[in-house]
Amino acid sequence: MHEGPAGASSDGAAPVSEPKAKEDAAPQKASAASRLNPSFTTLVRKRWRGWLRSIHRDVGYLAVGLTVIYAVSGLAINHLQDWDPNFTGFQREYTIAPIGADVPDAEAVARVREALHLGVPRDVYRAGDELHLTYDGRTVVVYGDSGQVTDQGQSPRFFLRVANWLHYNRGKKAWTYIADGYAVLLLYLAISGLFMIKGKLGLRWRGLLLAGLGAGIPTAYVLLSGGPNANERKTADASAVAPSAGDDGDDNEPIERPAPRATTPGPATDTPGDDGDDDEPIERPPVRTPPR
Amino acid sequence: MSRAWERRQFLKTAAAGTAFLALGGALVRLAADDLTRDARAETRADGKKRLPPGQRVIEKLKPMGGDEGSGDVKDFRLRVHGLVKNPFELDYAALLKLPQVEQKVDVHCVTGWSMLDGLWKGVTVALLAEKAGIKSEARHVIFEAAHGYTANVLLKEALAPQAMVTYRLNGKPFARKHGAPVRGLVPDLYFWKSAKWLTGIRFVKNDEPGYWETRGYNNHADPWKEERYA
C-alpha cells in the first residue's frame with residue numbers, strides 16, 4: 001500500500017493525493033481480481049500437480065478392473081508350462097471286456113454303459129476299433145480290441161478362462177481398441193506418477209532412485225542376457241567352433257536342412273537323398289495379418 | 001525404535017526371505033531333475049544331443065492353450081489340398097483306414113520343456129502327400145487348424161518319416177486341450193509347429209508364416225539351434 005508523506009494532506013495544501021490514491025488502488029484491485037479470477041496459465045502453474053493427482057486417482061479407479069484381469073491372467077499364463085490356466089481336467093483309465101468289431105453299435109454302447117455305469121451319451125461314434133461316447137464336457141473312448149477305456153473331460157476355470165481369453169485378445173473386434181485405451185491409461189498412470197509429489201519424496205530423490213531402479217531392471221536383463229539376438233549369436237558361436245553337417249555357420253544361409261533318414265527309427269536329420277543345396281532361397285512373403 | 005529403521009528392517013527381511021525361497025526352490029528343482037540330466041548325456045543317431053539346449057524334460061504333455069476345436073471325432077475333417085493333383089478330404093473313420101504308423105519320438109516346446117519317448121500313432125504326412133500327388137513346385141506345407149490357426153513347415157521336414165497326422169499318444173486319445181481328435185506332429189521342430197485340432201494340410205510354393213511366426217516366433221523353429229524367436 002502506498003504510504004504518502006506524513007501530513008501531506010494536513011498542511012492545507014490542495015488534495016492532490018486523491019487521483020494518485022485511485023491509481024494506487026488499481027493494482028490492489030487487479031491483484032484481488034487475479035486472486036478471485038486468475039488467468040489460465042496462473043491456474044495451471046499453481047494447481048497442475050493437484051490436477052495431476054486428481055486425474056491419476058480417477059484413472060486409477062478406472063484401470064482397476066482391467067489391471068486385475070491382465071495381472072491375474074498374466075501370472076496364470078506366464079507359468080503355462082507348470083499348469084493349465086484355462087481348464088481343470090481329468091483322465092481315468094479302465095479296462096472292460098473287449099468288444100469285437102462284429103458287435104452291433106447299440107449293443108457295444110450298452111455294454112460300455114453297463115460296465116462303467118454311464119448315462120445316455122449325447123453322441124456315439126464308432127470307427128475302426130474305437131468307440132467314442134460323448135457327454136457334456138466328457139468323452140469316453142473304448143478300444144474294442146483290448147477293452148481299454150480312456151475317460152477324460154475338462155471344465156473351464158472360473159474367471160481365469162475368461163480373463164485369459166481377454167488377455168490373449170482371442171475375441172479381437174472391439175477388445176483391441178479397449179486394450180489400446182487401457183495401455184494409454186497405464187502410460188498416463190506411470191508418467192503422472194513421476195510428478196505427483198515434489199521434494200525429497202518426489203523426483204528429486206526417492207522418486208528418481210526408484211524410477212531409475214525400475215528402468216534399470218529390464219535394461220540390465222537385456223544387457224546381461226544378450227537380448228533378442230542372444231540365441232542367434234550363441235548358435236553362430238557354436239557353429240564356428242563345431243559346425244554340424246551341412247551348416248557352415250553362415251546366418252544368411254537358407255533355413256532348410258536335410259530331411260531325416262528314412263531307416264532311422266529315432267529322429268535323424270540327414271539323408272543320402274538330400275542334394276545339400278543350401279543355396280535355395282527362402283521365399284517369404286510380407287507378414288500378413290493372422291486369421292485370429 | 002525409529003520409523004525409518006522399522007521400514008528398512010522390513011525391506012531387508014522381505015528381500016532376504018524372497019532370496020531364500022527363490023534359491024531354495026531352484027536348488028530343489030535342479031536336484032530333483034534326473035530326467036533332464038540323463039537326457040543331456042544322450043546323443044541321437046544323427047550326432048545331435050538328445051535334449052536341445054535350454055530344454056528340461058517333463059513326463060507328460062503340458063497344455064499350452066489355444067483356441068480349441070470341437071474335439072469331437074464326428075466333426076473331424078482333414079482337407080489335403082493346395083498344390084496337389086488330387087485334393088481330398090478325410091473323416092476320422094477314413095483316417096483310421098489308411099496305413100498306420102506308431103513311432104517313439106521326442107517333442108520340444110519353445111517354452112522350455114521336452115517330452116521324450118512318446119509313442120505316437122497316426123498317418124505320415126508323406127503318405128497323405130503321396131495319395132494327393134503333390135506337384136513338383138510345392139516347397140512348403142501349411143498345417144491348418146481350428147479357428148484359422150496355421151503353422152508353416154518346409155516340405156522336406158513335413159515329409160520326414162516322423163512327421164505325422166496323429167490321433168493317439170501312448171495308446172490313448174488326446175485330451176481336447178492337447179488337440180483332440182487329431183493333431184499334426186513335426187517332432188524335430190518346436191512343438192507349436194505340430195498344430196492341434198488339425199483341419200487341413202496345404203501344399204504351397206511360397207512360404208506363409210503362420211500364427212506364431214507372425215507374432216515374433218521363429219519362422220523355422222529348430223530346437224537345436226534354439227530358433228525360438230524371430
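Begin by selecting B:Val125, B:Val141, B:Phe143 and B:Ala158, which, in this predicted model, touch the most other members of the largest nonpolar core, a set of 62 residues. Strand E5 of chain B, residues 113-124, supplies the largest share of this core, with 5 residues.

Keep B:Phe143 selected and display its surroundings: leaving aside neighbours within four places in sequence, B:Phe143 is in contact with B:Thr150, B:Ala151, B:Val153, B:Gly184, B:Ala195, B:Leu198 and B:Ile201. Apart from the largest core lies another one, of 11 residues, and to find it you can select A:Ile99, A:Ala108, A:Leu131 and A:Val142, which are among its members.

Stay with chain A and turn to its open sheet of 5 strands, whose order is E1-E5-E4-E3-E2 and whose pairing is antiparallel. Strands E1 (87-95) and E2 (123-127) of chain A stand at the edges with a single partner strand each, so one side of each has no neighbour in the sheet. On average, neighbouring strands of this sheet are turned by 15 degrees against each other, direction ignored. At the E2 edge, look for the 5 bridges that join E2(A) to strand E3(A), residues 130-135, the two running antiparallel; here A:Val124 stands opposite A:Leu133.

Finally, select residues 206-225 of chain A, which form helix H6. Its end C-alpha atoms are 28 Å apart, which agrees with the 28 Å expected for 20 residues at 1.5 Å a residue. Even so, H6(A) bends by about 30 degrees at A:Gly216, with a proline, A:Pro218, following within four residues. The number of buried residues in H6(A) is 0 of 20, so this helix lies largely in the open. Just after H6(A), stop at A:Gly226, which takes a positive phi of about 95 degrees.

Technical notes
Residues numbered from 1 in each chain as written. Chains lettered and ligands numbered in written order. Predicted model: local features only at pLDDT ≥ 70, side-chain atom pairs only at ≥ 80, totals over all residues. Expected span 1.5 Å × (residues − 1). Bend = angle between axes of the 7 residues up to and from the residue. Buried ≥ 20, exposed ≤ 12 C-beta atoms within 10 Å, placed from the backbone. Pairing = 2+ DSSP bridges. Axes fitted to C-alpha atoms, helices over the stretch in contact; angles between N-to-C directions. Core = buried A, V, L, I, M, F, W, Y, C linked by C-beta atoms within 7 Å. Contact = placed C-beta atoms within 7 Å.
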